[in-house]
Amino acid sequence: MEAPPDNNVLWARSLHFTHRDGSPALGGVSLGVRESEILAVSGPRGSGKTTLLHCLSGLVPAQHGEVWFNSMPVHTMGPAARERLRRNRFGWIDPVPVLVPELNVWENAALPLMLRGTSRRRAKAAAMEWLERLDVGDRAHSRPHELTQAERQRVCITRALAPAPSILFADEPTAPLHRADRAHVLRTLTTAARSHGITVVLATHEAETAALADRKVELLDGRRVNTVHLPPVVEPEGPGENEPEGQAESQGTACSLSV
Ligand SMILES: Nc1ncnc2c1ncn2[C@@H]1O[C@H](COP(=O)(O)OP(=O)(O)OP(=O)(O)O)[C@@H](O)[C@H]1O
């Protein structure tokens, strides 16, 4: 078993995953994530982004392939060791906000810190600081059902950032937000990650979200692809018989190549 290159905090080799009902999700994905980088995993719906994040974070083991976190082989860990790893080193944001209904906002945000052994007082102080940054500090004593969906998602983002995880897995983190909110929340998330040296693996199908990342890997049908942008084709003559003026120069096209 060969350990990953030193400059990668997370490294995966040839991950294969098929769901129980036989749906293929990953067909041999390899990638490396560098320390403190924001890596976008992009691709259309159903391309395998969520499944890849699940496998990388140790939530589910891939059927074939390797996942390394620093020098630790995640693929050989049992469920309890993977759970400890996720609790102590990783953060997670789902596309739909899920909070504990019996706890108020700051208690929800402080929960991962308390599970790691931080005192209630310190966990509350950290949670409050992050809630302010995400513009939901004034909701700290509300229950989740009193919040809008967008506010609940901001609390989930706070909960993921407050423990300053080594790696934050964010699966379409701004999906429940209005368009106007998205840019602000994404910038807060990426700025916070950069200032705290948090590595982020960000699944998104939106080009503008992926553009905020340092680097992008693209999936299609469970495989990595390279998108090649072809230069515009310029017609040598004027417009053709059936072609309206101005459309002689075709738009640049893109095609995807499996890698
Ligand atoms: N629980 C499941 N059971 C069976 N098949 C599944 C399950 N979850 C996902 N799939 C299938 O696995 C493939 C990859 O899905 P996945 O959710 O990983 O892709 P995605 O790129 O994250 O898509 P989306 O943006 O819609 O969440 C798809 O064909 C999907 O239909």
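This report walks through a predicted model of a protein chain with a ligand, starting with the whole chain and ending at the ligand.

**The chain as a whole**

The protein chain has 259 residues, and 37% of them count as buried. Its secondary structure consists of seven helices and 11 strands. Contacts in this chain often link distant parts of the sequence: of those with a separation of 6 or more, 69% are between residues 24 or more positions apart.

**A covered strand**

A good place to begin is strand 3, which covers residues 38-42. How many of its residues are buried? Five of the five are, so the strand is mostly covered, given that a residue counts as buried when 20 or more other C-beta atoms lie within 10 Å of its own. The cover is found on both faces of strand 3. On one side sit Ile38, Ala40 and Ser42, and on the other sit Leu39 and Val41, all of them buried.

Strand 3 also has partners from much later in the numbering, and the table below sets out two of its pairings together with that of strand 4 and strand 5.

| Strands | Sense | Bridges |
|---|---|---|
| Strand 3 and strand 8 (residues 199-204) | parallel | five bridges |
| Strand 3 and strand 9 (residues 215-220) | parallel | four bridges |
| Strand 4 (residues 64-69) and strand 5 | antiparallel | two bridges |

Individual residues can be matched up across these pairings. Ser42 stands opposite Thr204 in strand 8, while Leu39 stands opposite Arg215 in strand 9.

**An open sheet of four strands**

Elsewhere, four strands form an open sheet with antiparallel pairing, and their order is 2-1-4-5. Strand 2 (24-34) and strand 5 (72-73) are at the edges and have a single partner strand each, so one side of each has no neighbour in the sheet. Where strand 4 meets strand 5, Trp68 stands opposite Pro73.

Strand 2 is also where you will find Pro24. Is Pro24 buried or partly exposed? Pro24 has 13 other C-beta atoms within 10 Å, which makes the residue partly exposed. Setting aside neighbours within four places in sequence, Pro24 is in contact with Thr18 and Gly222. The second of these contacts spans a long stretch of the chain: Pro24 and Gly222 are 198 residues apart in sequence, yet 7.5 Å apart in space, C-alpha to C-alpha.

**Two helices that cross**

Two packed helices are described by the angle and the distance between their axes. For helix 3 (residues 105-115) and helix 5 (residues 149-161), the axes come within 7 Å and cross at roughly 30°. The crossing of helix 3 and helix 5 is right-handed. On the helix 3 side, the residues that meet helix 5 are Val105, Asn108, Ala109, Leu111 and Pro112. Helix 5 contributes Val155, Thr158 and Arg159. Sorted by class, this contact has five nonpolar, two polar and one charged residues.

**Around the ligand**

Finally, which residues are closest to the ligand? They are His19, Ser23, Arg45, Thr50 and Thr51, out of 13 residues that surround the ligand. Helix 1 (residues 49-56) supplies the largest share of this shell, with three residues. The shell can be sorted by class too: nine residues are polar, three are charged and one is nonpolar.

Definitions and conventions. Residues are numbered from 1 along each chain as its sequence is written. This is a predicted model: local features need pLDDT of at least 70, side-chain atom pairs count only at pLDDT 80 or more; totals for chains, interfaces and linings use all residues. A residue is near a molecule or strand if its C-beta atom, placed from the backbone, lies within 6 Å of it. Ala, Val, Leu, Ile, Met, Phe, Trp, Tyr, Cys and Pro count as nonpolar, Asp, Glu, Lys and Arg as charged, and the others, Gly among them, as polar. A residue is buried if 20 or more other C-beta atoms lie within 10 Å of its own, exposed if 12 or fewer, and partly exposed in between; C-beta atoms are placed from the backbone. Two residues are in contact if their C-beta atoms, placed from the backbone, lie within 7 Å. Axes are lines fitted to C-alpha atoms, for helices over the stretch in contact, and angles run from 0 to 180 degrees between N-to-C directions. A crossing is left-handed if the near helix is turned anticlockwise from the far one by less than a right angle, and right-handed if clockwise. Two strands pair if DSSP finds at least two bridges between them.
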